[in-house]
Amino acid sequence: MSEHHPREPSDIERRVAAIESLLVEKGLVTSDVVDTIVETYERDVGPLNGSRVVARAWVDPDYR
């Protein structure tokens with residue numbers, strides 16, 4: 001079922017957008033820097049990395 005109306009952003013999504021806008025407006029970061037940081041956490045630091053560590057520990061006794 002497709003949505004005809006986009007959902008309203010959550011409180012946390014609005015807060016994140018406001019903080020990012022303020023940081024960009026003040027020249028402290030660029031949107032590209034924010035995107036890079038988010039990608040790094042999603043790809044290298046976040047839960048996916050934790051699952052890799054657990055999976056490796058299961059199959060590699062020396063790593064454990």
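**Exercise 1. Start with Arg 43: is this residue buried, partly exposed or exposed, and what does its side chain pair with?**

Solution. Let's take the accessibility to begin with.
- Arg 43 has a relative accessibility of 44%, so it counts as partly exposed.
- The cut-offs behind that label are under 20% for buried and over 50% for exposed.
- Now the partner: Arg 43 makes a salt bridge with Asp 44, and the closest N and O atoms are 3.4 Å apart.
- Asp 44 comes out at 38% relative accessibility, so this residue counts as partly exposed too.

A quick heads-up before going on: the model you're looking at is predicted.

**Exercise 2. Describe the overall build of the protein chain, beginning with its helices and strands.**

Solution. Work from secondary structure out to overall dimensions.
- The count is three helices and zero strands.
- Following the sequence, you read the pattern α-α-α.
- Helix α1 covers residues 11-25, helix α2 covers residues 31-45, and helix α3 covers residues 47-59.
- Next, the radius of gyration: the protein chain has 18 Å, while a compact globule of 64 residues would have one near 11 Å.
- Along the principal axes, the C-alpha trace spans about 50 × 40 × 20 Å.
- As for burial, 5% of the 64 residues count as buried.
- The protein chain exposes about 6,000 Å², and 60% of that comes from carbon and sulfur atoms.

**Exercise 3. Find how many salt bridges the whole structure has, then look at the one between Arg 14 and Asp 11.**

Solution. Count, then zoom in.
- Searching the whole structure turns up four salt bridges.
- In the one between Arg 14 and Asp 11, the closest N and O atoms are 2.5 Å apart.
- Why can these two meet? They sit three residues apart in helix α1, so about one helical turn separates them.
- Check the surface, too: Arg 14 is partly exposed because its relative accessibility is 41%, whereas Asp 11 reaches 55% and therefore counts as exposed.

Another of the bridges joins Asp 60 and Arg 56, at 3.5 Å from N to O. Asp 60 has a relative accessible area of 22%, so it is partly exposed. Arg 56 has 44% and also counts as partly exposed.

**Exercise 4. Work out which residues form the nonpolar patch and which gather in the patch of negative charge.**

Solution. Take the patches one at a time.
- The nonpolar patch on the surface is made of Val 33, Ile 37, Tyr 41 and Val 45, with about 360 Å² of accessible area together.
- Val 33 belongs to helix α2. With a relative accessible area of 36%, Val 33 is partly exposed. A patch residue needs over 30% and no salt bridge, so the value for Val 33 clears the area cut-off.
- The negative patch on the surface gathers Asp 32, Asp 35, Glu 39 and Glu 42.
- Asp 35 also belongs to helix α2. Its relative accessibility is 40%, so Asp 35 counts as partly exposed.

To round this off, tally the charges: the protein chain carries 8 positive and 13 negative side chains. The centres of those two sets lie 6 Å apart.

**Exercise 5. Set separation in sequence beside separation in space for three pairs: Val 24 and Val 34, Ser 51 and Leu 28, and Ile 19 and Pro 61.**

Solution. For each pair, give the sequence gap and then the C-alpha to C-alpha distance.
- Val 24 and Val 34: ten residues apart in sequence, and 9.2 Å apart in space. Val 24 sits in helix α1 and is partly exposed, at 32% relative accessible area.
- Ser 51 and Leu 28: 23 residues apart in sequence, and 33 Å apart in space. Ser 51 is in helix α3, and its relative accessible area of 41% makes it partly exposed.
- Ile 19 and Pro 61: 42 residues apart in sequence, and 44 Å apart in space. Ile 19 is in helix α1. At 51% relative accessibility, Ile 19 counts as exposed, because the cut-off for exposed is over 50%.

Definitions and conventions. Residues are numbered from 1 along each chain as its sequence is written. This is a predicted model: local features need pLDDT of at least 70, side-chain atom pairs count only at pLDDT 80 or more; totals for chains, interfaces and linings use all residues. Side-chain values use heavy atoms; hydrogens and water are left out. Patches are made of residues with over 30% relative accessible area and no salt bridge: like charges are joined within 9 Å, nonpolar side chains (Val, Leu, Ile, Met, Phe, Trp, Tyr) within 5 Å. Accessible areas come from the Shrake-Rupley method with a 1.4 Å probe; for residues, only the protein chains shown count as cover. Helices (H or I, at least four residues) and strands (E, at least two) are DSSP runs, numbered from the N terminus. Buried means under 20% relative accessible area, exposed over 50%, partly exposed in between (1.4 Å probe, protein chains only). The radius of gyration is taken over C-alpha atoms; the globule rule is 2.2 Å times the number of residues to the power 0.38. Lys and Arg count as positive and Asp and Glu as negative; His and the chain ends are not counted. The place of a charge is taken as NZ of Lys, CZ of Arg, CG of Asp or CD of Glu.
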